[in-house]
Amino acid sequence: MNQDYDLHLEEAKGKIEESSDLEALKKVEVELLGKQSLTAQAKGSLGELEPEERRELGLVLNETRTKLEEMLEARKNKLDSEIRGEQLENERLDLTEFDQGHRLGHRHVVTQTWERLEDLFIGMGYTVSEGPEIEDEWHNFGALNFPLGHPARDMYDTLYVEYGDPMSTLLRTHTSPVQIRVMEEEDPPIYSIMPGRVFRSDTADSTHMPVFHQIEALVVDKGITFGDLAGTIETFTSAYFGKDFESRLRPSYFPFTEPSAEFDIRHSGGKWLELGGCGMVHPEVLKAGGLDPEEWQGFAFGFGLDRLALMRHEIDDLRELFRNDYRFLAQF
Ligand code: DAH
């Protein structure tokens, strides 16, 4: 009789080992321990046996069932851990791209441009100033000679902040408000650049981003002329881009400069690319900064830092600068 059960256990072992997933194992478990199983059936008929036989068979049956339970449990644990292993494998992040030893990082290409320009202007005797990214309507527009309701305000897709009176607080749309802050804080002569982050509700595309960087320059001194402005732009573009680049000024309009111009650059006789705006500081702007326009004159210019980085490195999509793909950034 024992042998029957040994054989049963032997067969059961094969079935259990063959169960390749939990569902199959469950079926085998029902077959081996359920009501219809060999041992359950045998237990049911124990009552028909003599006491001695009943005791003996009872022991064998209990032992057999315990062994079956143990085998099933072991297989279940094995399958469970296999599933977990598979899950871990599937969810594993492949970080090997970054795991190439301990390399030293470097500055982002926009930061490099920013710092290069700072160095360049510091070399020309300028100071560096910064202003707040959350501005009031006065510094961003009013003081720069955009009266309320002036159509030029619509040129800037302004992001307003819910703070104070409606439309009184905004994310600065350009770095020009820092001109006013510098005039408020410093006495002329002023030779200053103002780099920073600016915001517009633009949709991202290859030439636009809702957040980008500009650098502003403001010079206020006595007897400053448009010639000084043109000379300064020429000097910095050729210092930044190299001798093969030339710049030109085209008449334009900005409320805060009069006359105003846009400046373009091109590489050895190639296509002209627009870089930024400039002009002689408007008398109203000098007044807003607390200066007497009879006594002081100035020029200002401003342009996109990111654009400058694109041009210098011949990158054709502005979005690449903000995607932060390491493989892209590592090139610069
Ligand atoms: N703030 C202008 C803009 O974002 C650029 C600009 C134009 C700045 C003329 C200036 C300037 O300082 O004189 O479009």
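The following exercises, with worked solutions, concern a predicted model of a protein chain with a bound ligand.

**Exercise 1. Domain layout**

Determine which domains the chain is assigned and how far apart their centres lie.

*Solution.* Begin with the bounds: the domain assignment gives domain 1 as residues 2-104 and domain 2 as residues 121-329. Next, take the centre of each domain over its C-alpha atoms; the two centres are separated by 75 Å.

**Exercise 2. The surroundings of the ligand**

Locate the ligand and describe the shell of residues around it.

*Solution.* Step one is the site: the ligand occupies the largest pocket. Step two is the count, with a residue included if one of its heavy atoms lies within 4 Å of the ligand. The shell comprises 16 residues, and the closest are His174, Ser176, Arg200, Gln214 and Glu216. Step three sorts the shell by class, which yields 6 nonpolar, 8 polar and 2 charged residues. Step four turns to secondary structure: strands S6 (211-221), S9 (273-281) and S10 (297-304) each contribute at least two residues to the shell.

**Exercise 3. Polar contacts and cover of the ligand**

Identify polar contacts made to the ligand by Ser176, Gln179 and Ala300, using a cut-off of 3.5 Å between N or O atoms, and state how much of the ligand is covered.

*Solution.* Consider the side chains to start with. Ser176 places a polar side-chain atom 2.9 Å from a nitrogen atom of the ligand. For Gln179, a side-chain N or O atom is 3.2 Å from an oxygen atom of the ligand. Then consider the backbone: an N or O atom of the Ala300 main chain lies 3.2 Å from a ligand oxygen atom. Finally, assess the cover: on its own the ligand has 360 Å² of accessible area, of which the protein covers 92%.

**Exercise 4. Backbone geometry**

Examine the peptide bonds Pro188 to Pro189 and Glu258 to Pro259, together with phi of Ser268, and place Pro189, Pro259 and Ser268 in the secondary structure.

*Solution.* As a reference, most residues other than glycine have a negative phi, and most peptide bonds are trans. The bond from Pro188 to Pro189 is cis, with omega near 5 degrees. Pro189 belongs to the loop that links helix H7 (177-185) and strand S5 (190-199). The bond from Glu258 to Pro259 is also cis, its omega being near -5 degrees. Pro259, however, is part of strand S8 (residues 257-267). Ser268 has a positive phi, near 25 degrees, although the residue is not glycine. Its position is the loop between S8 and S9.

Key. Residues numbered from 1 in each chain as written. Predicted model: local features only at pLDDT ≥ 70, side-chain atom pairs only at ≥ 80, totals over all residues. Heavy atoms only, no water. Polar contact = N/O pair within 3.5 Å; in protein donor to acceptor, adjacent residues only side chain to side chain. Areas by Shrake-Rupley, 256 points an atom, 1.4 Å probe, with all protein chains shown as cover. 1 Å grid on protein atoms, 1.4 Å probe; cavity = no way out; pocket = protein on both sides within 12 Å on 5 of 7 lines; lining within 4 Å. Sits in = over half its atoms within 2 Å of the grid points. Helix = DSSP H or I, 4+ residues; strand = E, 2+ residues; numbered from the N terminus. Nonpolar A, V, L, I, M, F, W, Y, C, P; charged D, E, K, R; others polar. Domains from an automatic or database assignment.
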